[in-house]
Amino acid sequence: MNAHEDVSQKGDASAAAGGFWDFKRVNAARSMTFFGLAALIGLGIAGFGLFTAKGTVTHAVPPENVALVNQRPILRTDFIAQAETELGKTFAETTTAERLKVLDEMIREELFVQRGLELDFPGTDPDTRTALVAAVEQQVVADVTTHQPTDAELQKYFDDNRGGYSTEGTMVLHNLVLPKASGPDAAATAKKAADALRAGTPVAEVTKTYGLHELVPEHSSPEQFYFAQQIHLGHDLYEQVVKLNDGEVSEPVAAQDGVHIVQMVKNTRPLPLTFERVRSQVLNDFIMSEKRRLEDADLRYLRDKADILIADDYRQPYEKQLEEGGFDTDKSAAKSAEKK
């Protein structure tokens, strides 16, 4: 062995003897280990930035939001503020149905705002958002606004909706109630009172004999329109009363405040109006109907292509309300009437 080989072997042995934690000497295993750790840390930081960056798609609604529309949040604070402003009471006093209606209005607004932004409209402040929604709606119904319907179109609309064009019906009646505290025989007593009225016994005598009293709405005349009587009587009682002819008496109807009996004094039923008499109203209704149809179609299109996520505490009732006909008050009332 020559002198050069001897020095080389001693150097290799000396380097190996330094060990993994001897930082005064080079160690290949230590270098590769630290290099691998650095790479892993770098990948971790990059992954965290990638999955938390603005615009990242998520399928969970954060607690501070009530919904996400195409990943744009609807804040709970905004939702609560709008509900209180719109309904005129504290958020705790609002019902679930009222909250869902406000939520749908905010989602509808966000959909139209985003559509407006796609069309390059600015959407920065509340006034602009309101104007933006109006602008999109006007764009949707532009054809209806400029189109003048023919008499044939109006006549067909009138024929299809003839029930909505008539005079206002009125009623004069006696609404008698037997209080709930009258005991278990209240139903039987009310039946006797109804039979007495049918036999021609005066109202004053019947109320005195059977312990009834008449409910008279404050600040109202004896003769009232159908819609006013429906408010005073309630739906169930009104459905019976509206069918009565002059002088007839309803069957007893139980309510929260007692058992009601109604004697009809005069029932002036609505009379149908001719097309010529209500042509201007038919024209206005036709245009409004076409606007609603186009707006609903456009909204359905926007919903279908949008990614809308609702918070867990509102998702199921909101989706159920949509399936049952949406949040349009007139549609909901019509649907309820059809069921009954």
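This is a short tour of one chain, from the overall view to a single sheet and the helix beside it. The model is predicted.

**Stop 1: the whole chain.** Select everything and colour by secondary structure. You should find 14 helices and eight strands. Now show the surface. The chain exposes about 21,700 Å². Carbon and sulfur atoms supply 57% of that area. How many of the 340 residues are buried? The share that counts as buried is 28%.

Next, think about contacts. Take those in the chain with a separation of 6 or more. Of these, 63% are between residues 24 or more positions apart.

**Stop 2: the sheet.** Select strands E1, E2 and E8. These three strands form an open sheet in the order E2-E1-E8. Their pairing is antiparallel. Strands of a sheet pair through backbone hydrogen bonds.

Which strands stand at the edges? Select 72-75 for E2 and 308-310 for E8. Each has a single partner strand, so one side of each is left without a neighbour in the sheet. Turn the view to follow the twist. From one strand to the next, the twist averages 20°.

**Stop 3: one strand pair.** Keep E2 and select residues 65-69, which make up strand E1. E1 and E2 are joined in the antiparallel sense over four bridges. Pick out Asn65: opposite this residue stands Leu75 in E2.

**Stop 4: the helix on the sheet.** Add residues 76-87, helix H3. Where does H3 pack? Helix H3 packs on the sheet and touches E1 and E2. Compare directions: that of H3 makes about 50° with that of E2.

Notes:
Residues numbered from 1 in each chain as written. Predicted model: local features only at pLDDT ≥ 70, side-chain atom pairs only at ≥ 80, totals over all residues. Heavy atoms only, no water. Helix = DSSP H or I, 4+ residues; strand = E, 2+ residues; numbered from the N terminus. Buried < 20%, exposed > 50% of the residue type's maximum accessible area, 1.4 Å probe, protein only. Contact = heavy atoms within 4.5 Å. Areas by Shrake-Rupley, 256 points an atom, 1.4 Å probe, with all protein chains shown as cover. Pairing = 2+ DSSP bridges. Axes fitted to C-alpha atoms, helices over the stretch in contact; angles between N-to-C directions.
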